[in-house]
Each structure stands twice: as structure tokens, then as C-alpha cells.
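User: I'm new to this one and would like a close look at a single part. Could you walk me through it in plain words?

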Amino acid sequence: MAEPIDGYFLDTVAALSPRERRDPGLPVDGSLTGARCLELFDAQLGSRHLDLAARDLGAAGKGYYTIGSSGHEGNAAVAAALRPTDPALLHYRSGAFYLERARQVPGSTPLLDVLLGVTAAAAEPIAGGRHKVFGHRALSIIPQTSTIASHLPRAVGLAFGLERAARLGLACPWPADAVVLASFGDASVNHSTALGAFNSARHCAYQKLPLPLLFVCEDNGIGISVRTPPGWIQSVYSGQSGLRYFAADGTDLPDTARVAAEAAEWVRANRAPAFLHLTMVRLLGHAGSDVESAYREPAELEADRRRDPVLRTAIMLVERGLLTPAEILLRYEEKRAEVATLAEQAAASPKLASAAEVMAPLVHREPPPVTVPVSSDRLTLAQGVNRALADLLAEHPDVLVFGEDVARKGGVYGVTRGLLKKFGAARVFDTLLDEQSILGTALGTALCGFLPVAEIQYLAYLHNAADQIRGEAATLRFFSTGRYTNPMIIRIAGYGYQKGFGGHFHNDNAVAALRDIPGLVIASPSRADDAAAMLRTCATASKLDGRVCVFLEPIALYHTRDLHTEGDGQWLAPAGGDPVPLGRARVYGTGTDLTLVSFANGVPMSLRVARRLADRAVDCRVLDLRWLAPLPVDDLLQAAAATGRVLIVDETRRTGGVSEAVITALTDAGFPGAIRRVTSEDSFIPLGPAAHHVLLDEPTILHAALTMLDP
């Protein structure tokens with residue numbers, strides 16, 4: 001399938017006149033030699049023909065990805081300005097960067113890599129046919145999917161982590177003087193995720209915290225069909241304090257090479273963030289299905305073709321006497337043939353053949369049981385979490401604890417009190433009041449060898465940053481076939497029933513957005529001993545297998561001491577004892593009449609209801625799920641079979657709540673007995689006493705239990 005830029009390139013080059021031959025060892029612009037220009041031109045040619053081949057493969061039904069890099073081939077010069085050991089998180093128009101980075105690493109096969117990705121081949125070296133991404137462990141390229149700007153908070157965290165690892169003497173996969181690169185398009189800078197990352201980087205720079213990060217904005221002036229106002233990027237970013245601005249014409253190879261080298265050297269020397277603005281053009285539209293003529297004028301498309309970076313490099317090489325027009329055309333066609341041969345090989349390569357093959361990166365090793373040292377103290381839930389965090393910090397020098405108010409204040413509820421004083425500000429620190437930046441810090445430091453324990457202050461605060469878990473943390477292992485992982489624990493204070501300080505944003509019981517994320521561990525302890533043991537299990541799973549763990553802590557139980565009567569102290573527990581394996585529940589009692597299944601705040605409520613039922617000669621057992629993912633299905637089925645009746649006590653919402661998964665598990669297993677659930681209402685939680693009208697309560701649980709038992 002002929003593309004206009006292909007014919008335009010051939011015709012324009014054929015019309016050029018050869019010049020006097022020049023020594024390729026001589027400089028073309030500054031330190032850029034003719035020989036180096038030829039190497040970068042080869043990367044540009046390869047990238048262009050990969051785009052053309054992707055279109056042909058798609059038309060033949062053999063290719064599945066046509067977002068190309070045409071017009072952005074100047075980013076080869078950015079790769080040349082960096083080292084292959086500098087971690088890179090790339091924009092999806094980074095074909096030339098990928099080829100030039102691979103050229104610096106012997107044994108690389110970048111053309112085939114990309115084509116295997118386009119054809120969704122199982123042999124593709126990073127995603128294994130699961131997506132077309134730019135990524136490779138040996139090239140220090142961390143794969144990114146196409147969620148807009150979602151990788152930028154991770155990039156900030158990675159740059160922060162490089163310096164923090166060096167400060168703490170922690171082994172890190174990258175050199176201590178490495179520079180992190182994150183590239184993106186001009187449309188992406190308007191996304192809140194990008195703005196948060198830029199702000200976080202500037203915030204670090206203002207405090208003189210080292211942050212060796214090079215942001216690269218590849219500005220082609222249009223996002224699909226939406227225009228970026230001319231001059232917008234420069235007007236916003238050229239004068240920002242704490243973010244050094246560099247600019248170049250990304251279609252001019254010597255100019256891009258010179259400015260990119262200057263920017264990279266500045267970041268490496270100053271260990272501070274910079275913004276490299278490259279003006280580019282977009283050729284071939286947004287993707288193969290995009291018909292640009294529907295929203296762009298012919299004159300505009302013609303002007304872009306004249307600024308084609310591959311064509312401009314070819315003209316420069318001819319004018320400088322480095323190649324003749326005939327030699328340019330020969331190289332162009334030889335690269336076309338090379339790519340075509342590799343495209344046939346990629347198209348014939350086996351694809352993922354089963355659900356098991358697709359999901360292989362989501363299969364995890366079972367962490368070994370971890371026994372918590374027994375303490376003679378009887379602790380509240382908050383104290384149990386605090387004790388466990390202190391133990392982890394003491395035992396593992398790679399553990400970091402951070403979030404809003406976790407350091408000096410010790411947390412809003414005192415859960416992290418004393419940790420800063422004991423372990424120092426390098427490992428226990430406060431963050432910006434920005435959940436995307438908090439999670440980005442976890443994402444990046446995890447890549448540097450840390451085990452981050454990040455705190456999201458309230459569950460309701462998670463939702464504006466949930467994509468950092470869903471689209472970034474949880475997908476990295478999947479889209480890198482386990483070659484990259486980001487082990488982490490995300491502590492979140494949540495659920496309802498908080499007394500004296502409420503309202504929607506401090507009482508939230510919405511967990512549906514977490515429950516359907518593949519591979520995510522969701523822990524939800526209700527008492528001190530379980531919390532301590534489960535936190536250790538999460539840490540072991542993260543360190544051993546790169547697991548991403550969410551640790552949901554019920555606020556209303558943080559400081560609860562009593563269970564049945566004031567002063568009984570029955571909700572205190574020693575922070576130690578038996579391990580709590582992933583996906584294993586706790587059972588209270590041996591009753592044979594009714595099984596109450598619950599978690600978090602629902603557990604003490606269920607235990608109190610069970611006592612009231614005992615007064616009526618009803619013998620119950622209570623199952624504390626403890627893990628919402630993986631759900632303890634075996635324990636659930638065993639407890640259900642013991643009584644033949646299951647009442648699910650679910651403090652979350654009726655729609656999207658945990659009880660849906662419990663009922664499904666029972667039904668799928670063919671449980672023959674009676675099943676019923678009680679839940680909170682499908683409502684936000686209001687302020688004050690009004691909350692009691694929408695939250696599940698004990699009288700409702702008792703009534704449902706009696707109804708089930710009524711013959």
C-alpha cells in the first residue's frame with residue numbers, strides 16, 4: 001500500500017544534485033560527525049519502514065498496531081545523547097529512539113523486536129504478544145502502555161529512587177549517575193497526571209532534592225484531531241522555576257542532537273529535572289484508521305511532508321557531501337527490503353495460543369509463611385500496624401514508608417507515629433498532597449530496588465489516582481512478561497463507621513475499582529495480630545514475586561479495644577504469632593446452624609450478633625475473609641458446608657460490593673445451601689447521624705439471620 005510520504009521522499013531525493021564528497025569523520029555540527037549522522041539516519045530509515053510495514057501488515061490482516069513514529073524520527077538524536085544504562089519510559093512514537101538505543105547494545109535485534117510486537121507474536125521480547133510496546137530489559141527501556149501521561153509520575157519516582165538508593169547505599173539496577181528519560185506528546189501535557197508530575201519534579205528541585213529527570217515533549221501540534229495552540233508548550237514551560245527548559249527543531253537532526261546532548265549533560269551534572277521541547281510533525285495520521293484529510297487541509301499536510309525529518313536528514317547528508325542522492329535511495333530501498341523480510345518472519349511467528357499463555361505473567365509464586373515474633377503486649381489495630389511497619393523497617397533496609405502526614409505527625413490516626421524518629425527522614429517521609437505523585441513515587445522507587453509502603457490517607461482520595469494502580473502498577477508485570485516488576489504495599493485507611501469525624505471523603509466504602517484488577521492483592525485485616533501478620537505476608541509476596549498489594553485498614557477499628565462491653569478489651573490482640581498466608585480466612589467458633597461471612601468492620605459486628613443469636617440457642621460461626629483478593633474460596637466453602645446456611649455481612653455497597661464475589665464463589669462451586677446477604681446502601685456516606693441510615697448495622701444483620709433460621 002503506497003503512502004504519500006513514501007513517494008514524496010523518493011521523488012524529492014531523486015531530484016537532488018550530488019555534492020563534493022566529504023570526509024564522514026569531520027564534524028557536521030559541533031561534536032556531531034558525519035559518521036554519527038549516518039548512524040542516526042539508519043535509525044530514522046528503520047523507523048520509517050517499520051511504520052510502512054505495519055500498515056502493510058494491517059492491510060493483510062497480519063498486523064494489529066499502526067500507531068507509528070513517522071515525523072518523530074528526530075528522537076534518534078535523543079537516544080544518542082543518553083547512555084543505554086539510562087532508564088527510559090517512552091512515548092509511543094519512539095521507533096527511532098528504540099533503534100538507536102539498541103544500536104548501542106551489541107546483539108540487539110530492534111527491527112524484529114518491533115515487528116514481533118506489531119504482529120502480536122509470542123516471541124516479542126518484552127510483552128510477549130500481549131501489546132505493542134517499546135520496552136526491553138537489556139536496553140533499560142521500561143514498557144509503557146498508551147494511557148495518556150500515566151508514566152510521568154513513575155518517572156519522577158524513578159529519578160527520586162535513583163538518588164535515594166545511592167544515599168542509602170542500596171543496590172540499584174542502574175548506575176548512580178544515570179538520567180531518567182520520559183517522553184510524551186504535546187497533547188499529554190494538558191492531562192492532570194502530567195501536570196502533577198511536573199509539579200512534583202519542580203517541588204523536589206525547589207527543596208534541592210536531587211532528581212535527574214529529562215522530560216521530552218515531542219510536539220507535533222495535534223492530538224488525534226485536536227490542535228495544540230501554536231506556541232502553547234513554550235509559553236507554559238519555558239519560564240517555569242525548577243524545570244530547566246531546552247528547545248530544538250525535532251525535524252532538524254543536527255539541531256536536535258546538539259540540544260539533546262546539552263540537556264542530557266545538564267541533567268546528569270546538576271541532578272535536577274529539565275524539559276526538552278522538540279517541535280515535530282505527525283505524518284501518516286494518528287494511526288492506520290485515521291483519515292487526516294477529514295480534518296486537515298491539503299496545504300497543511302503538504303507543509304508537514306516538506307518538514308519530514310527523514311527527508312530533511314537525507315537532504316542534509318547530500319548537501320554536506322556525505323551521500324549522493326543515489327546512495328540515499330539505495331539505503332532507503334535496502335532498508336525497505338530488510339524490514340519486509342523481517343516482517344514476513346514476524347507474521348509467521350507463533351501467537352499466544354491459550355488463556356493460560358496470555359495470563360502466565362499473572363501466575364504468582366506462593367510466598368512462604370512468615371511467623372511474626374510474639375509480643376506480650378495486647379494492641380489495637382493501629383498499634384499492630386505500627387509495630388509491623390517498625391519491624392519491616394528494622395529488618396529490611398530497602399523498605400520506605402511515605403505519604404501525606406506520615407512522618408512528623410505520625411499519620412492522621414497515629415499509625416506511623418515514632419517511625420520518623422527511629423528510622424530517619426531518608427526512609428520515612430512526608431509527600432505532596434497528591435495521590436498520583438504518592439503512587440508514582442512508589443512505582444518509581446520499586447524499580448530501583450526498594451519496597452515502598454505508600455499511604456493513601458483515605459479511600460475516597462484514591463479514586464482520582466486509581467489509574468496509577470490499574471494502568472501502571474498492576475500492568476507492568478503483564479506487559480513485560482515479568483521482566484520488570486514494581487513490588488509495593490499501598491496502605492489505605494477506609495470504610496465507614498468513623499465516629500466524630502465523618503462525611504463522604506473520610507468514610508468511603510467503595511472498593512469495586514480495586515476488586516477487578518488482575519493480580520492485585522487486597523488485604524483487609526480487622527484486628528492487630530492479623531494486621532501484623534498480613535502486612536508481613538504482603539511484604540514477602542512483594543519482595544519475592546513483585547506483587548502489588550493494597551492494604552485496606554478500617555478506620556473505625558484503629559483504636560477499638562472492646563468487643564462486647566465497655567472495658568472487656570476483647571478486640572485487643574498481640575501483634576505476633578501464626579502467619580497468615582495469602583487467601584486464608586480466620587474462623588471464629590464451630591457453630592453448625594449459620595455461617596456469618598464478613599471482613600473489616602463487619603467482623604466485630606458479626607461476632608456481637610452471633611452472641612445474641614447464642615442467647616436464642618442458635619450456634620453460629622463467623623468467617624473473617626481477611627483477603628478480598630485472592631478471596632479465600634476454600635475456607636469459605638468449608639465454613640459454608642459446615643452449616644448449610646451463609647449470611648454475608650458486607651459493609652460495602654450493594655452494587656459492586658464484596659458480597660457479589662462471595663455469592664459468585666459459592667454459586668460457582670455448587671453450594672446447595674441457603675445464601676443471603678446484607679449490605680450498606682448504594683449511597684455516598686453523609687455527615688453525622690445520617691450515616692447510620694445508609695450503613696449496614698447490627699439490627700439488620702440480626703433480622704436477616706433470624707429470617708434465614710425461621711423454618
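Which residue forms a salt bridge with Glu698, and how far apart are the closest N and O atoms?

Analyst: Happy to. Keep in mind that this is a predicted model. The partner is Arg608, and the closest N and O atoms of the two residues are 2.7 Å apart. Glu698 sits in helix 24 (residues 698-709) and Arg608 in helix 21 (residues 602-614), so this salt bridge ties together parts of the chain that are 90 residues apart in sequence.

Are these two buried or exposed? Glu698 has a relative accessible area of 18%, and because buried means under 20%, it counts as buried. Arg608, with 23%, is partly exposed.

Now for a sheet with strands in the same stretch of numbering. Five strands make up an open sheet, lined up in the order 18-20-19-22-23, and their pairing is mixed. At the edges you'll find strand 18 (586-588) and strand 23 (674-680); each has a single partner strand, so one side of each has no neighbour in the sheet. On average, neighbouring strands here are turned by 20° against each other, if you ignore direction.

Let's zoom in on one pair in that sheet. Strand 19 (residues 594-598) and strand 22 (residues 645-653) run parallel and are joined by three bridges. If you want a spot to look for on screen, try Leu596, whose bridge partner in strand 22 is Leu647. Helix 22 (residues 633-643) lies across strand 19, strand 20 (620-624) and strand 22. Its direction is at about 170° to strand 20.

There's also a loop to look at, between helix 23 (658-668) and strand 23, and Ala669 lies in it. Ala669 is partly exposed, with a relative accessibility of 45%. Measure from C-alpha to C-alpha and you get 9.9 Å between Ala669 and Asp634, although 35 residues separate them in sequence.

Back to salt bridges, to put the Glu698 pair in context. The count for the model comes to 45. One of them joins Arg48 to Glu73, with the closest N and O atoms 3.0 Å apart. That pair links distant parts of the chain, 25 residues apart: Arg48 is in helix 2 (residues 34-59), while Glu73 is in the loop between helix 2 and helix 3 (76-81). Arg48 is buried, at 0% relative accessible area, and Glu73 is buried at 0% as well.

Another one pairs Arg282 with Glu292, where the closest N and O atoms are 3.0 Å apart. Both residues lie in the loop between strand 9 and helix 10 (298-306), so the pair ties together parts that are ten residues apart in sequence. Arg282 and Glu292 are both buried. They also belong to a network of salt bridges that links Arg227, Arg282, Asp290, Glu292, Arg296, Glu300 and Asp304.

Strand 9 brings us to one more sheet. This open sheet has five strands in the order 3-4-5-9-8, with parallel pairing. Its edges are strand 3 (88-89) and strand 8 (244-249), each pairing on one side only. Strand 8 runs parallel to strand 9 (residues 274-279), and six bridges join them. Among the residues to look for is Asp249, which has Thr279 as its bridge partner in strand 9.

Notes: Residues are numbered from 1 along each chain as its sequence is written. This is a predicted model: local features need pLDDT of at least 70, side-chain atom pairs count only at pLDDT 80 or more; totals for chains, interfaces and linings use all residues. Side-chain values use heavy atoms; hydrogens and water are left out. Two strands pair if DSSP finds at least two bridges between them. Helices (H or I, at least four residues) and strands (E, at least two) are DSSP runs, numbered from the N terminus. Axes are lines fitted to C-alpha atoms, for helices over the stretch in contact, and angles run from 0 to 180 degrees between N-to-C directions. Contact means heavy atoms within 4.5 Å. A salt bridge is a side-chain nitrogen of Lys or Arg within 4 Å of a carboxyl oxygen of Asp or Glu. Buried means under 20% relative accessible area, exposed over 50%, partly exposed in between (1.4 Å probe, protein chains only).
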